Amino acid sequence: MTTTPDTSTEQVLHLLELLASGATVAEIAGADGPSVGRDLALRVAHTRDVHQRREAGLAALLDTARELATEHDPAQVLEAIVRRARHLLQTDLAYLTLYDPVAKDTFMRATSGSVSAAFQSVRLALGDGLGGLVASTRKPYWTADYFSDARFQHTRPIDGAVGEEGIVAICGTPLIVESEFVGVLFAANRTARPFTREEVGLLGNLATLAAVTLVQTRALADAENAVRALQQAHETVRQYAAGIEKAAAAHDRFAALVLGGGGVEGITHAVAELLGGWAVLVDEGSSVRSATGPAPDLIDGPGFHELQRKASEAGGRIVHVENTYAVRINAAHEQLGTLFIGDVGDLSDSDCRTVERAGMVTALVLLFERNAADARQSERNRVISDLVAGRGGDAERVQLARAWGFDPLTEFCVLVMRGEDRAANRALVMSASTATGEGSLVGSHDGHIVALVPGRDPDALAKSVAARLSRRSPVTVAGVGPVTGVDGVHGAHEEGARTTRALIALGHRGHGAAATQLGFAGLIVGSDPDVAEYVRRLLAPVLDYDERRGTDLVGTLEAYFAAGSSPRHAAASLHVHVNTVSQRLERIGALLGPTWQQPEQALELQLALRLRRLLAQD
């Protein structure tokens, strides 16, 4: 027997078919059927929709977690969070604020869908607005109409920014990880819209995921920064170790040079080779002592004196001007010179220490050289004193002089020098040794510098040496000679000492001359004055003219001076016309030069005329 279903049964079956096909709640609500069955179907459909939405939300959260896991930049993570929040809740915009523990507020950090610059830069104090309330209570809040919701503390800056963005409905939930408040995640619409608890919960889950990801990303970033810092520290240690090794090698090389008896030239070359540029050492007088590069260009350059001044003020520490470095060479609070280095690029700290170490080693070498030079000079001073004072026998003195490379049995001149500062005689002795050249014997005696110099022309030697030594400070030089043998040294020294005093008294400080070139003063200071030679030297042009022409210009000259330089009175004493005297005086002027009537030369001429008359009486 066949049973036909009644109508109610068919309606229930239809409702079941709708549920099975995934019909919406609205479609089920509009279907025919008993109320009890329809209500049950609606509940089932509603439960199904809730589960589907929850499943979709979980899937979306899973996708979000995957996306966030691929990001390592904190800024990119924040952008991904707000972008996902906007997509999941289907809102007009989403944004995220971060907590500022210093200012005790939150600030806008990332947005998606925002168009207002004022909104993107707003800061929310704790308790102000919806976001401030979320931050202060650490609980989610949402509203369908923000401006009409009295739960929130409205402020002009916040409401102005929200109004400019056009926001009406807002939902905010805190970002918290292990009780640490990170910030607030928002979803918002520009129209009134209520937020369901499922949406609030979804935003909360996203906020939790975002907070964890953000903290992990920060931790990863901190770890990466720590790794980079560790790598930088490792590189610093490596460079430091390399610098120490390089400095040790430089130290060993400098030590080997010093122990091997090397001089400053070896150190200068070693510095240039170690640093790959050029090096120049100048002494305290700015003279080049040793060089491996452009010394003339350096000294003539505009920055030389500035760099030298900076090095002097740095007290042994390296300084630089543009691409040139310098270090002052100091020993016992005395400046011995300056070491310059160039074409080396930017020096590292270890390279700078190498240059400074080279400066110290150079100072030691210069100090050793100076002490050795002082010892040798002390011996030379003793020899000079013995020769000047005549101590010991002739053969002994000759042997002493020859031991120092000077032969007193050949013709030589004695130079007596006097500087401005007798305390600087040590430096003057060294300079005089250089100025007088090889084969000379130079030393100090009785406050003077005495040099025995091979040669026959004392005046030329004195002038040459004075010119060389007076470049920095005046040095007066007297020349005596030529002398042969050790017996003449004593008298030559005395004459030279008198001549230096005469030169200074006559205003010729810093010049050189022989006593014979001082005129009448030379007769006084000379040990063996040649009066006839003095007269001849001054009056020779006139005497020779008279001898050739049979004239008496010398007599006219005597009459002119005797008449008080009056041509008229001279003419009367000579019994000639005044014009004749004038013509003779013109001839005398042509012979003696235009300055013959100047007071100094006129005095010398009158003395020569008087001495000539005295010689004639003998």
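**Close-up views of a cavity and a strand neighbourhood**

**View 1. The largest cavity in this predicted model has a volume of about 120 Å³.** With a floor of 30 Å³ for counting, there is one cavity to look at. If you are setting up a grid of your own, here is the idea behind the picture: rolling a probe the size of a water molecule over the atoms shows where empty space is left.

**View 2. Fifteen residues, written as 15 in the count, line the largest cavity.** Nearest its centre you will find Tyr95, Phe119, Leu124, Ile158 and Val162. Three elements each give two or more residues to this lining: β1 (93–100), α6 (129–137) and α7 (156–165). What is the make-up of the lining by class? Twelve of the lining residues are nonpolar and three are polar, while no charged residues take part.

**View 3. Strand β15, residues 475–483, is mostly covered.** Of its nine residues, seven are buried. As a reminder while you zoom in, side chains in a regular strand alternate between the two faces of the sheet.

**View 4. Strands β12 and β15 pair in the antiparallel sense.** Seven bridges connect β15 with β12, which spans residues 412–419. One pair to pick out is valine 414 with its bridge partner in β15, valine 480.

**View 5. Strands β15 and β16 run parallel and are joined by three bridges.** Strand β16 covers residues 512–514, and its alanine 513 stands opposite alanine 478. To get from β15 to β16, the chain passes through helix α16 (residues 488–505), making a β-α-β crossover that is left-handed.

Key. Residues numbered from 1 in each chain as written. Predicted model: local features only at pLDDT ≥ 70, side-chain atom pairs only at ≥ 80, totals over all residues. Heavy atoms only, no water. Buried < 20%, exposed > 50% of the residue type's maximum accessible area, 1.4 Å probe, protein only. Helix = DSSP H or I, 4+ residues; strand = E, 2+ residues; numbered from the N terminus. Pairing = 2+ DSSP bridges. Right-handed = clockwise from strand over helix to strand, strands pointing away. 1 Å grid on protein atoms, 1.4 Å probe; cavity = no way out; pocket = protein on both sides within 12 Å on 5 of 7 lines; lining within 4 Å. Points joined across faces, edges and corners; volume = space filled by probe spheres on them. Nonpolar A, V, L, I, M, F, W, Y, C, P; charged D, E, K, R; others polar.
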